[in-house]
Amino acid sequence: MSSIPLAHAEAKAGQNQSLGQPLVLLLAAGAGLAVASLYYSQPMLGVLGASIQADDRSVGWVPTLTQLGYAIGILLLAPLGDRYDRRRIILAKAGVLCAALLLAGVAPSIGVLLAASLALGLSATLAQDIVPAAATLAPAEHRGKVVGTVMTGLLLGILLSRVASGFVAENFGWRAVFVAAAASIALLMAALWRGLPRFRPTTGLSYGALLGSLVTLWGRHPALRRAAIAQGLLSLGFSAFWSTLAVMLHGEPFHLGAAAAGAFGLAGAAGALAAPVAGRIADRRGPELITRLGAGLAALSFAAMALAPWMPASGQLWLIVGSAIGFDLGIQASLIAHQTIVYGIDPAARSRLNAVLMVGMFIGMAAGATLGSQALATWGWGGVVAVATVAALAALLLRLWPGIVRPR
């Protein structure tokens, strides 16, 4: 692999540049606003469809294309951060994201909205350029804390985007959501243009070779494989739970609507706010410990929900809330620790390493949604709990026995 020597790359990439708290907070806000763009449409799909005379099936493609664009962008665009100045990439993606949000806000038809949704997903991957940028700027002894703070912004963007979107859409209309989001990205772009330093490329690989190096990195680094597989397994459990929760709450004995199911998402804020704490512990005690504690907490929290059948309805709801807080904290802490591990493997390949980790997460998310739905249909909520628990235990086993993923 053709790359700048590691020590030289660290210095050139900007690690020794000043990384004050204002810049860390700016990066956290940038990651949160970017990733929030993926979720604004979800609470307002019903109103949106009626407004532009589109049927439910067509409208359902809006979030699908957004997520698909994001996955494609991570795989095909995120590695460019090692080849070009990350500052230019972040600003370019922010400009495209702003334009895509505006296009969605003025879309006259479902076809235009779908095109805007795909572009929105592709450009929202600037969040996955911001995180490696923060890791590069941070000194090694504080990398976990800095990455944890930036990830707090990203996670809060995911958690709060639906709440904000629903409020704005209800009071000002669905188009106002996209226009307001575009304005927020425009302001973010101006702040990043002023505050973000330049990053020198850490490799001279061509684009084709850059993508091919993803396979090389996967084969060369057992730590990367362990991180991607373990986080993918945790994401599988996470997705199995959240993709089936609303259906479960709608039936006996709860009979709760979509708004109540969405409110459960606020429980995840505990995990997001705890991310910097996990990062600081990873800096002091090592990230390996955090991966084990996080996977163990997730497995325990998932397994606790198996007690639900022996509890009254109100007790079951409190159990689900407590479990959601627990497994979200465990999964997010593990993610911070896995990112700390991955970013330390090869400073010249941080964007590509991050891309591999995120692809592993997306595979886990997709598998979790499928397995969770099948488990719920076949065995009920207990089947979903079993799927999530087994996945988290498998992640814990992988972290406890490193030899499971052997060097090649």
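Student: How many cavities of 30 Å³ or more turn up in a search of the whole structure, and what makes a space a cavity?

Tutor: The search finds one. A cavity is a set of points, on a 1 Å grid over the protein atoms alone, where a 1.4 Å probe fits but cannot get out. The largest cavity holds about 40 Å³ (the space filled by probe spheres set on points joined across faces, edges and corners). Keep in mind that this is a predicted model, where local features need pLDDT of at least 70, side-chain atom pairs need 80 or more, and totals for chains, interfaces and linings use all residues. Numbering runs from 1 along each chain as its sequence is written, and side-chain values use heavy atoms, without hydrogens or water.

Student: Which residues line the largest cavity?

Tutor: Ser 37, Tyr 40, Ser 41, Val 62, Thr 66, Ser 117, Leu 120 and Phe 178, lining residues being those with an atom within 4 Å of a point. Helices α4 (56-76) and α6 (110-123) each give two or more of them; helices here are DSSP runs of H or I, at least four residues, numbered from the N terminus.

Student: What about Gln 67 in α4: which residues does Gln 67 touch?

Tutor: Beyond its neighbours within four places in sequence, Gln 67 contacts Leu 38, Tyr 39, Gln 42 and Phe 362 (heavy atoms within 4.5 Å). Its C-alpha is 8.7 Å from that of Ser 117, 50 residues apart along the chain.

Student: Why does the span of α17 agree with expectation?

Tutor: The expected span is 1.5 Å times one less than the number of residues, so the 30 residues of α17 (350-379) should span 44 Å, and the end C-alpha atoms are 42 Å apart, which agrees. Gly 380 follows α17, with a positive phi near 80°.

Student: Where does α8 bend?

Tutor: At Leu 160, by about 40°, the angle between axes fitted to the seven residues ending there and the seven starting there.

Student: What makes residues 1-16 doubtful?

Tutor: Their pLDDT (the predictor's confidence in each residue, from 0 to 100) stays under 50. Where pLDDT is low, predicted coordinates should not be read in detail. The chain averages 85.

Definitions and conventions. 1 Å grid on protein atoms, 1.4 Å probe; cavity = no way out; pocket = protein on both sides within 12 Å on 5 of 7 lines; lining within 4 Å.
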